[in-house]
Amino acid sequence: MIDPAEFPELQALLWSRDAARPIPAEEAFALYERNWRFVDQTRLTAGEELIIQDLADKFGHGILLTAG
């Protein structure tokens, strides 16, 4: 489970949900991928960059699809 409160850009992607509630890692990966165009990459913390890469390694075979 991923706690969105620890990752500002993920929390922003959860605008229609309770961002204080942890979500499954695969769902977090899907949210980043599907909504990458809304992620402000200049605001990504080092920890969030690491979790994105970890999620991509686990669920995306090392690749985060960023084009729509």
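**Reading burial, contacts and overall form in a predicted model**

Me: Why is tryptophan 36 called buried?
Reply: In this predicted model, tryptophan 36 has a relative accessible area of 12%, and buried means under 20%, so the value falls on the buried side of the cut-off and tryptophan 36 counts as buried.

Me: Where does tryptophan 36 lie, and what does tryptophan 36 touch?
Reply: Tryptophan 36 lies in the loop between H2 and H3. Leaving aside neighbours within four places in sequence, tryptophan 36 is in contact with Gln41, Leu44, Ile52, Leu64 and Thr66. For one of these partners, Leu64, the C-alpha atoms of the pair are separated by 9.1 Å, although tryptophan 36 and leucine 64 are 28 residues apart along the chain.

Me: What makes histidine 61 count as exposed?
Reply: The relative accessibility of histidine 61 is 78%, and exposed means over 50%, so histidine 61 is placed in the exposed class. Histidine 61 belongs to the segment after H3, and its phi is near 55°, a positive value in a residue other than glycine.

Me: Why are proline 8 and proline 22 called partly exposed?
Reply: Proline 8 has a relative accessible area of 27% and proline 22 has 38%; since partly exposed is the range between the 20% limit for buried and the 50% limit for exposed, proline 8 takes this label, and proline 22 takes it too.

Me: Where are these two prolines found, and which residues do they touch?
Reply: Proline 8 is found in helix H1, and, when residues up to four places away in sequence are not counted, proline 8 touches Arg43, Thr45 and Glu48. Proline 22 sits in the loop between H1 and H2, and, with the same exclusion, proline 22 touches Met1, Ile2, Asp3 and Pro4.

Me: How many residues does the largest nonpolar core have, and which have the most contacts inside it?
Reply: The largest nonpolar core has 20 residues, and those with the most contacts inside it are Ile2, Leu10, Tyr32 and Leu55. Helix H1 (8-13), helix H2 (25-34) and helix H3 (46-59) each supply at least two residues of this core, and the largest share, five residues, comes from H2. In soluble globular proteins, nonpolar side chains tend to be buried together.

Me: Which residues does tyrosine 32 touch?
Reply: Not counting residues up to four places away in sequence, tyrosine 32 touches Phe7, Leu10, Leu13, Val39, Glu48, Ile51, Ile52, Leu55 and Leu64, and two of the residues named here, Leu10 and Leu55, stand beside Tyr32 in the list of those with the most contacts inside the core.

Me: Which elements does the protein chain have, and in what order?
Reply: The protein chain has three helices and zero strands, and from the N terminus on, the elements run α-α-α.

Me: Why does the radius of gyration agree with a compact globule?
Reply: A compact globule of 68 residues would have a radius of gyration near 11 Å, and the protein chain has 11 Å, so the two agree. Along its principal axes, the C-alpha trace spans about 30 × 25 × 25 Å, and buried residues make up 37% of the 68 residues.

Me: How many positive and negative side chains does the protein chain have?
Reply: There are 6 positive and 12 negative side chains, and the centres of the two sets lie 7 Å apart.

Note on methods: Residues numbered from 1 in each chain as written. Predicted model: local features only at pLDDT ≥ 70, side-chain atom pairs only at ≥ 80, totals over all residues. Heavy atoms only, no water. Core = buried A, V, L, I, M, F, W, Y, C linked by side-chain atoms within 4.5 Å. Buried < 20%, exposed > 50% of the residue type's maximum accessible area, 1.4 Å probe, protein only. Helix = DSSP H or I, 4+ residues; strand = E, 2+ residues; numbered from the N terminus. Contact = heavy atoms within 4.5 Å. Rg over C-alpha atoms; globule rule 2.2 N^0.38 Å. Lys, Arg positive; Asp, Glu negative; His and termini not counted. Charge placed at Lys NZ, Arg CZ, Asp CG, Glu CD.
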